[in-house]
Amino acid sequence: MAKKKVILVDADVISHFIATGRIDYLSPILAPHTIYVVEQVYDEAAYHPFYDNRKQELDNWMKNFGILKIPFPSANKQIRLEYYRLKKESPRFGNGERACMAIARYNKEVIASSNFRDVADYCKKYEIEHLGVLDILTIALRKGIFDAIVCNKFIHDAMIINEAKFPVSTIEEYKTNKHLDDF
């Protein structure tokens with residue numbers, strides 16, 4: 001068994017899993033690893049202007065699966081400075097993304113984010129392990145939690161309901177170069 005990892009899940013991943021009605025699968029897919037939701041991510045993921053039950057679904061998932069909401073470690077000067085550097089230099093990042101990136105840079109956690117354009121480049125630069133939604137679906141497929149039909153429905157639904165921008169429209173088209181055997 002590989003070493004247990006800590007995964008910081010960003011709001012976009014949570015949002016896609018809630019929008020597709022599959023939030024309760026996220027924890028088993030990523031098991032046995034520990035999932036944390038940073039407070040800034042929680043604030044972003046709990047709010048949706050057209051979906052009143054978002055916060056309740058998030059709270060239920062976190063309670064049912066023992067997911068901890070962690071405070072941003074503002075006492076850690078390196079992490080705090082990195083967060084504010086990202087805020088100044090990359091204003092397009094949300095507070096949750098910045099928090100995950102700054103924490104993972106110095107604590108070497110895994111970031112689960114569907115932002116492949118910006119977050120993935122940052123992760124590569126600082127040698128941070130990054131999982132996208134399609135990687136998570138690939139893990140679900142490998143573990144037998146989802147089959148290809150469910151993965152493809154997830155992709156379709158996330159693209160329609162949540163306006164997700166994936167580079168493929170089916171799981172069969174997705175080819176990862178990541179080593180997902182640890183998941």
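Start by selecting helix α1, residues 11–19. In this predicted model, α1 gives the most to the lining of the largest pocket, with four residues. Now add α3, residues 39–46, to your selection: like α1, this helix supplies at least two residues of that lining.

Next, look into the pocket itself. Its volume is about 550 Å³. Of the 23 residues that line it, pick out D12, H16, S114, N162 and E163, which are the closest to its centre. Try colouring the lining by residue type: you should get eight nonpolar, seven polar and eight charged residues.

Ready for another pocket? Select E129, H130, L131, N177, K178, H179 and L180, and you have the lining of the second largest one. The space in there comes to about 160 Å³. Colour this lining by type too, and the split is two nonpolar, three polar and two charged.

For the last stop, leave the pockets and click on I79. You'll find this residue in helix α5, which covers residues 77–89. Is I79 buried or exposed? It's buried, because its relative accessible area is 0%, and the cut-off for buried is under 20%.

So which residues should you show around I79? Leaving aside its neighbours within four places in sequence, show F72, P73, A102, I103, Y106 and N107, since I79 is in contact with them. Then pick the C-alpha atoms of I79 and A102 and check the distance: they are separated by 5.2 Å, though the two residues are 23 residues apart along the chain.

Key:
Residues are numbered from 1 along each chain as its sequence is written. This is a predicted model: local features need pLDDT of at least 70, side-chain atom pairs count only at pLDDT 80 or more; totals for chains, interfaces and linings use all residues. Side-chain values use heavy atoms; hydrogens and water are left out. Buried means under 20% relative accessible area, exposed over 50%, partly exposed in between (1.4 Å probe, protein chains only). Contact means heavy atoms within 4.5 Å. On a 1 Å grid over the protein atoms alone, a cavity is a set of points where a 1.4 Å probe fits but cannot get out, and a pocket is an open set with protein on both sides within 12 Å along at least five of seven lines; lining residues have an atom within 4 Å of a point. Grid points are joined across faces, edges and corners, and a volume is the space filled by probe spheres set on the points. Ala, Val, Leu, Ile, Met, Phe, Trp, Tyr, Cys and Pro count as nonpolar, Asp, Glu, Lys and Arg as charged, and the others, Gly among them, as polar.
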